[in-house]
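Thanks, everyone; I would like to take a few minutes to walk through one model with you, going through a sheet and then a ligand site. Please have the sequence and the structure open as I speak.

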Amino acid sequence: MSRTKFPEDFVWGTSTSAYQVEGANGEDGRGPSIWDTFSDSGAACDHYHRYPDDVRLMKDLGVGAYRFSVSWPRVLPEGAGRVNPVGLDFYDKLVDELLDAGIKPYVTLYHWDLPQALEERGGWPERDTAYRFADYAQVVHDRLGDRVGTWLTLNEPWVAAFIGHAAGIHAPGRKSAADAFTAAHHMLLGHGLAARVLRAAGAAEVGVALNFAPVLTPGQVTDPGKKLSEEDAEAVDRIDRLMHGQFLEPMLRGRYPDRLLEIVDRTAGLGHVREGDLEVIAQPIDLLGVNYYAPCVVQAQPGEPADPAYPGSEDILFTTVPTAVTAMGWAIVPSALTLLLGRLSREYPDLNLMITENGADFADTVTGDGVHDTDRVSFIEEHLRALLAAVEEGAKVRGYLVWSLLDCHEWADGYQRRFGLVHVDFATQRRIMKDSALWYRDVIRRGGLGDDRLKRPTLETVAARAHVSRATVSRVINGELSVSADARAKVLLAVKELGYVPNAAARSLVTRRTDTIALVLSAPGQRGDALTAAVVHYVTSVLESAGKRITLMLSDTAESHRRIVQHVEAGLVDGVILLPADDTDPLTERLARTDAPLVLLGKPAVTSLVPYVDVDNVAGAAAATEHLLRQGRRHIGMVCGPTQLVAVQDRLTGHREALQREGLRPHVALAGLDGESAVAATARLLHDAGRLDAIFASSDELAAGVLRAVEGMGLRVPADLAVVGFGDVAAASWTSPALTTVRVPVAGQAKALARLLLSRLEGRPTTSVVLPASLVVRDSG
Ligand code: FCB
């Protein structure tokens, strides 16, 4: 077999799902599903009426397989009991049409559209749903089983259980970790029961399609063999069990992974896992459907709260890597598919694998002569090469189904996503084969890839063809008027001839106009001039070396807020870094509503989608307090800055919790931001609390005030009273005795801020960064 030839009997095909393409949600007796309630897909691709056209398209492509799903509420409008024969007629006709065209149907029974009636009876967290699923499988098999050989029970149960029941982003929109684990178990049980029913009814092949996002650290994305620290290895392993082991192990080995069960037990108890369930779940399967889009990148990060979609993921940061991304923001990492297939074949050597979904969303442009989706072509091509590499190493991969045949309704994202090989104009339902469809047709005809990799036109290629500079191309694409008519015409011609489509990264490159970033200092809550100076220094140096200019803006009055927002809205900057925000600051919210990417220094009071960089204030304050406890201090007071500042609140929380763990009571005196207010607070504290042997101050400025006050009272530091601060920006060097304090990694924070903003500018998905704080012990405590 040559490198670009696939096995003779390799199956080429496409995938869709009922709710995403059918439309006709209220027609012919179909009942509502949880997705109708959650986000109405309307007419979708009207596949319900246009399936003959769509089958013709597939025939033209030459595909050998079409994976579609049956809508449970179309067949059983109340989820159970009464069968709707007209609903079944649709699938009956679709199957005949496919067989006539020489296309083998792969039927998925559950692609997320649970009948609403069953949700009202408790949904998947209710055990009965699993039994109703098996009944439904029987009903569908009764009608189609004479012509359909391959059955997939569930599609991506992890997504349905956790994105639907824990994160609340998909239907039914619940936010309960316990519900998610219970739902997952009942989906597994439903799979086992349905597999048994299908097998007994004579199904030739039974399988399931799972979502796979190989879990990697950022370093492993480029170097898969990279040695991991113990903490990172544990983080990778934990997420892998939650997302993959939770489903693979029960289905293929009849057991849950141990360390997963601990999390399930802690979150949902184990009452829902009954004697005998695992035996039912572990029905032999003939085919494992692999849905692969992108890896999941994580690293150990002490103090990071659990991600709602992954209950039990405390101390793990979900992060990003600087790779190309699709319009969805998903990292494009074909090599992770090779790794994945290799691993599955090693761990489950008897299993037959098939890629049941792989594909990409890119913002396609319809031109007079088609849709030149070169991004999608190269995405699929690279993934086919990755697949072939695994096959050559011995993985048993039967075929490859592109997600998707058609642009369709992308769940929580609606119609803004375009995954299709075929473009759909949702207003007219007109279909246009994209270049990727025509290319896929050639691949299928050839039984493999061409010898030359497709050369993707880039901004440079366009510039060379048009004999203009790269900047001119960029200006034309941005519609800037400063380009001569002649140059514009040349660029547009080159774009058309080359089929150039800027990908997400290039698009953000070309739409970036100013190369200027606003660094906004939010003055009222902002003392610690040393901190500000350091952050400004580091942010500026990282951004300048990335070719950006900085505009410093002060936000101290309502008037200045207005000015800043106006400046950003006028497109005078590409992005904004705001430092820091306190909860009385409406600027964050106003800036978040503009189009410019925004990142914050300091966790905002209200959780939002705006990413921030912060230090772990809770853990830092706890470390300071634990240090004092270890020194034998028992009567510890706190001089606490303004609690409307989120960082101060968190420091207070960390301090309190550390004391509580020792059964000790906190003594807190409130101060302002400056040392003078700490002098007064210390006097109050010593007066009210009586004997104290240590004081923790929420900042170094306050700690300096505490030292002064204590000295004035004739107490010795640390012999009579130890003092610990928070910050360590510069204060430690000017107090006497030198201050023991919690170090805020200023440079790390500033660099992380700058990098976070750069990632956002490139359209890469971003998550907040929380850095660890460390205690620096000096003489004061
Ligand atoms: C998968 C789903 C499929 C589609 C793709 C993009 O998780 O199974 O329906 O939405 O993602």
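Let me begin with the open sheet, which is built from six strands in the order E17-E16-E18-E19-E20-E26, with parallel pairing, and I should say straight away that this is a predicted model. At its edges are strand E17, residues 549-554, and strand E26, residues 769-771, each of which pairs on one side only. From one strand to the next, the twist averages 20°.

Looking inside the sheet, strand E19, residues 598-601, runs parallel to strand E20, residues 612-615, and two bridges join them; Leu601, for instance, has Val613 in E20 as its bridge partner. Helix H29, residues 746-761, lies across E16, E18, E19, E20 and E26, and its direction is at about 170° to that of E19.

Now to the ligand: which residues are around it? They are Gln20, His111, Trp112, Asn155, Glu156, Tyr293, Glu357, Trp403, Glu410, Trp411 and Phe419, and by class this shell has five nonpolar, three polar and three charged residues.

As for polar distances, a polar side-chain atom of Gln20 lies 2.7 Å from an oxygen atom of the ligand, while for Asn155 a polar side-chain atom lies 3.0 Å from a ligand oxygen, and for Glu357 the corresponding distance to an oxygen atom of the ligand is 3.0 Å. Taken alone, the ligand exposes 290 Å², and the protein buries 94% of that.

How values were computed: Residues are numbered from 1 along each chain as its sequence is written. This is a predicted model: local features need pLDDT of at least 70, side-chain atom pairs count only at pLDDT 80 or more; totals for chains, interfaces and linings use all residues. Side-chain values use heavy atoms; hydrogens and water are left out. A residue is near a molecule or strand if one of its heavy atoms lies within 4 Å of it. A polar contact is a pair of N or O atoms within 3.5 Å; within protein, one must be able to donate a hydrogen and the other to accept it, and residues adjacent in sequence count only if both atoms are side-chain atoms. Accessible areas come from the Shrake-Rupley method with a 1.4 Å probe; for residues, only the protein chains shown count as cover. Ala, Val, Leu, Ile, Met, Phe, Trp, Tyr, Cys and Pro count as nonpolar, Asp, Glu, Lys and Arg as charged, and the others, Gly among them, as polar. Two strands pair if DSSP finds at least two bridges between them. Helices (H or I, at least four residues) and strands (E, at least two) are DSSP runs, numbered from the N terminus. Axes are lines fitted to C-alpha atoms, for helices over the stretch in contact, and angles run from 0 to 180 degrees between N-to-C directions. Contact means heavy atoms within 4.5 Å.
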